[in-house]
Amino acid sequence: MSETDTNQKEAPEIENVEIPVAKESDKVGLPPGTLIYVDDDGKDDETLKGKSIIRLIQYNEAGYAEKRIHDAEEIRSLDLNGDKITWIQMSGLWDIENVRKIGEIFQINALVLEDLLNMEQRPKMEEYDNFFFTVLKQIWFDEESKSVKDIQISIITFDKLVLTFCEEETRVFGTIIKRIKKEDGRIRKYGSDYLTYALTDIIVDHYFYVLEGFEEWLDDVEKRIIKKADKEGVEEINRLRHELSSFKKISWPLITVTEKLEKSDSKLIKKQTRVLFRDVFDHIIRITESIETDHEILTGIYDLYTTGISNRLNETMRILTVISTIFIPLTFIAGVYGMNFRYMPELYWEYGYYVCLILMAVIVIVMIIFFRKKEWI
């Protein structure tokens, strides 16, 4: 991931503006195609920075050009009808006005715009007359908080044009941009479908980093549980199960997405690109299988935890039982000689007290020796 991180330009500083952010429930009753930025992650309490960031990249085998666009309206004046592949990146989907303008320029269905503005959208792929629409989730594993973080990326693929809409500024495409800049880069020889494949592939490949993070976490939890089964252990197991389920929820729909991309009969996806989508499909199958395996390992770790707790409880009960058993005859003796009958000969014997103590000590020693021979203690 380090190579990717070094190739993406930092977002320019723009003045702060208040951005209205809705939740899923706020859309109830609104007509289809209503453009509202939906995010249930609590951004409605924040001040989001500036307008969207739009970049345009054009390339073919002969050359490469990159341009920063300040307002989507500028796209109308650009020549997009040549032999070059055009890639327009938009980051910051809270800027609804620029999303609306891009939709008008490229005649994108309002329902598609509504979906790409909904950050709670599940990964999917839909085909339309002159483009296909793909929703993906870029994810990474936060080592500090031990949680899966994600941002939504939507891809609209036309003939010789690709639009990407990112929830916020991302560095994941840095490697793709570097490949495009190379004069001998393979990506410059192919069309928009290949660019879509490259974008999908780099997003899915980053899932392997997340998978590695989970597997390291699983190993760490297993070692801790083996060493000591305590309340903190079960809390971490529950946290791990929750995060693993979140990872599965994001990854599982990608099986359908990549399968549809591979088997699509759209003229926009060439035969050689379908083979490449098959490779991405294989990757996501491996990832989902690994997630299932991790779930099974986690179940085993939980069983290990409950077994450890049960063993500790049994050990405690055994010790308490031994102690109780030892005190039963002592309690009996103390109870007999604690009775207030007047005619008890031993009560008036000069050595009665000492003999009673010695008898108790002998009983304790004999019982301990007996328990040790039986390996109960």
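Helix H5 (residues 192-227) lies across strand S1 (53-59), strand S3 (85-91), strand S5 (132-142), S6 and S7, and its direction is about 25° to that of S5. That is a good place to enter this predicted model, whose chain holds 9 helices and 7 strands. The tour below goes from the sheet to its helices, then to a few individual residues and the surface.

**The sheet**

- The 7 strands build an open sheet with mixed pairing, and their order is S2-S1-S3-S7-S6-S5-S4.
- At the edges sit strand S2 (64-69) and strand S4 (124-127), each of which pairs on one side only.
- From one strand to the next, the twist averages 15°.
- As general background, strands of a sheet pair through backbone hydrogen bonds, either parallel or antiparallel.
- For strand S6 (residues 147-158) and strand S7 (residues 161-166), the sense is antiparallel, and the pair is joined over 6 bridges.
- If you would like a spot to look at here, take Ser 154, whose bridge partner in S7 is Phe 165.

**Helices over the sheet**

- Helix H7 (residues 253-263) lies across S4 and S5, running at about 140° to S5.
- For H5, the angle to that strand, S5, is about 25°.
- The buried residues of H7 are Pro 253, Leu 254, Ile 255, Val 257, Thr 258, Leu 261 and Glu 262.
- These buried residues of H7 pack against two strands, S4 and S5, and also against H5, helix H6 (231-251) and H8.

**An edge-strand residue**

- Arg 68 belongs to strand S2, which is one of the edge strands.
- With a relative accessible area of 29%, Arg 68 is partly exposed, because that value falls between the 20% limit for buried and the 50% limit for exposed.
- Between Arg 68 and Ile 54 there are 6.2 Å in space, C-alpha to C-alpha, while in sequence the two are 14 residues apart.

**Two lysines with positive phi**

- Lys 146 is found in the loop between S5 and S6, and its phi is near 55°, a positive value in a residue other than glycine.
- The relative accessible area of Lys 146 is 22%, so this residue counts as partly exposed, given that buried means under 20%.
- Lys 160 is placed in the loop between S6 and S7, and its phi, near 70°, is also a positive value in a residue other than glycine.
- Lys 160 is partly exposed too, at 34% relative accessibility.

**A nonpolar patch on the surface**

- Leu 313, Met 317, Ile 319, Leu 320, Ile 323 and Phe 327 make a nonpolar surface patch of about 570 Å².
- One of these patch residues, Ile 319, lies in helix H8 (residues 271-336).
- Ile 319 has a relative accessible area of 42% and is therefore partly exposed, as exposed would require over 50%.
- H8 also appears among the elements that the buried residues of H7 pack against.

**The chain as a whole**

- Of the 377 residues in the chain, 45% are buried.
- The chain exposes about 20,900 Å², and carbon and sulfur atoms supply 53% of that area.
- Taking contacts between residues at least 6 apart in sequence, 68% join residues at least 24 apart.

Terms used. Residues are numbered from 1 along each chain as its sequence is written. This is a predicted model: local features need pLDDT of at least 70, side-chain atom pairs count only at pLDDT 80 or more; totals for chains, interfaces and linings use all residues. Side-chain values use heavy atoms; hydrogens and water are left out. Two strands pair if DSSP finds at least two bridges between them. Helices (H or I, at least four residues) and strands (E, at least two) are DSSP runs, numbered from the N terminus. Axes are lines fitted to C-alpha atoms, for helices over the stretch in contact, and angles run from 0 to 180 degrees between N-to-C directions. Contact means heavy atoms within 4.5 Å. Buried means under 20% relative accessible area, exposed over 50%, partly exposed in between (1.4 Å probe, protein chains only). Patches are made of residues with over 30% relative accessible area and no salt bridge: like charges are joined within 9 Å, nonpolar side chains (Val, Leu, Ile, Met, Phe, Trp, Tyr) within 5 Å. Accessible areas come from the Shrake-Rupley method with a 1.4 Å probe; for residues, only the protein chains shown count as cover. A salt bridge is a side-chain nitrogen of Lys or Arg within 4 Å of a carboxyl oxygen of Asp or Glu.
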